[in-house]
Amino acid sequence: MIEEHSLTAESSESRRGDYDLLLYDYSKHLLSLALISIGGVITLAQSAVGRAIPAKDVGIIILILAASGIAALSCTAAVLRARQKGDPLAQQASYLHQVAMGLLGAGFGWFVMSWLVI
């Protein structure tokens with residue numbers, strides 16, 4: 001009976017570590033998507049069709065995507081700090097992940113809306 005309890009505790013701890021690592025990798029992925037998206041928006045905005053998008057909209061889209069990247073980078077840093085100190089991961093990291101994903105979606109959405117209105 002004692003062995004079952006220790007196995008359950010180890011399994012729970014292992015799953016928690018897996019969650020931290022998955023969140024870290026996913027946040028790196030979101031950061032990459034944000035950076036690639038910024039480059040894509042700038043490139044497409046300079047095309048013949050993209051020049052019709054108002055510069056104000058392009059600026060706002062880039063700021064939204066940059067904020068997504070900052071949130072993703074902050075999430076990655078929170079995971080690294082927690083792992084370095086051996087502390088459990090704070091709920092803040094999960095919120096930052098959700099903010100990064102939401103801002104990335106908002107940036108994509110705004111760009112697609114601006115592109116289709118042309």
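Okay, let's start with confidence: this chain averages a pLDDT of 89, and 86% of the residues score at least 70. If you haven't met pLDDT, that's the predictor's confidence in each residue, on a scale from 0 to 100. So yes, this is a predicted model, where local features need pLDDT of at least 70, side-chain atom pairs count only at pLDDT 80 or more, and totals for chains, interfaces and linings use all residues. Two housekeeping points: residues are numbered from 1 along each chain as its sequence is written, and side-chain values use heavy atoms, with hydrogens and water left out.

Now, the overall layout. We've got three helices and zero strands, and reading along the sequence gives the pattern α-α-α. Helices here are DSSP runs of H or I with at least four residues, strands are E runs of at least two, and the numbering goes from the N terminus. Confidence varies between the elements: helix 2 has the highest mean pLDDT, 96, and helix 1 the lowest, 81.

How do the helix lengths work out? For helix 2, 31 residues at 1.5 Å a residue should span 45 Å, and the end C-alpha atoms are indeed 45 Å apart. For helix 3, the 27 residues should span 39 Å, and its end C-alpha atoms are 39 Å apart, which agrees. The expected span, by the way, is 1.5 Å times one less than the number of residues.

On to the inside. Buried residues make up 30% of the 118 in the chain. Buried means under 20% relative accessible area, exposed means over 50%, and partly exposed is in between, with a 1.4 Å probe and protein chains only. As for the surface, the chain's accessible area comes to about 7700 Å², and 66% of that belongs to carbon and sulfur atoms. Those areas come from the Shrake-Rupley method with a 1.4 Å probe, and for residues only the protein chains shown count as cover.

So what holds the middle? The largest nonpolar core has 14 residues, and V41 and L65 have the most contacts inside it. A nonpolar core here is a set of buried Ala, Val, Leu, Ile, Met, Phe, Trp, Tyr and Cys residues joined through side-chain atoms within 4.5 Å. Helix 1 (2-45), helix 2 (55-85) and helix 3 (91-117) each give two or more residues to this core. Take L65: leaving aside neighbours within four places in sequence, it is in contact with A34, S37, I38, V41, L104, G107 and F108. Contact just means heavy atoms within 4.5 Å. There's also a second, separate core of eight residues, including L23, V79, A82 and L89.

If you like the chain-wide view of contacts, take those between residues at least 6 apart in sequence: 83% join residues at least 24 apart.

Let's walk along helix 3. Its buried residues are A93, S94, L96, H97, A100, L104, G107, F111 and S114. H97 has a relative accessible area of 18%, and, not counting residues up to four places away, H97 touches L23, Y26, L30 and C75. Further along, S114 is buried too, at 9% relative accessibility. With the same sequence neighbours set aside, S114 touches I53, D57 and I61.

Over in helix 1 we find Y24, which counts as partly exposed at 22% relative accessibility. Y24 touches T76, V79 and L80, not counting residues up to four places away in sequence. Y24 and A93 sit 69 residues apart in sequence, yet their C-alpha atoms are 9.4 Å apart in space.

How many salt bridges does a search of the whole structure find? One. The side chains of K28 and D25 meet in it, at 3.8 Å from N to O. The rule is a side-chain nitrogen of Lys or Arg within 4 Å of a carboxyl oxygen of Asp or Glu. Both residues lie in helix 1, three residues apart, about one turn of the helix. K28 is partly exposed at 39%, and D25 is partly exposed as well, at 43%.

Last stop, the stretch after helix 2. Just after that helix, G86 takes a positive phi of about 80°. Then P88, in the loop between helix 2 and helix 3, is exposed, with a relative accessible area of 69%. The C-alpha atoms of P88 and G17 are separated by 9.2 Å, with their positions 71 residues apart along the chain.
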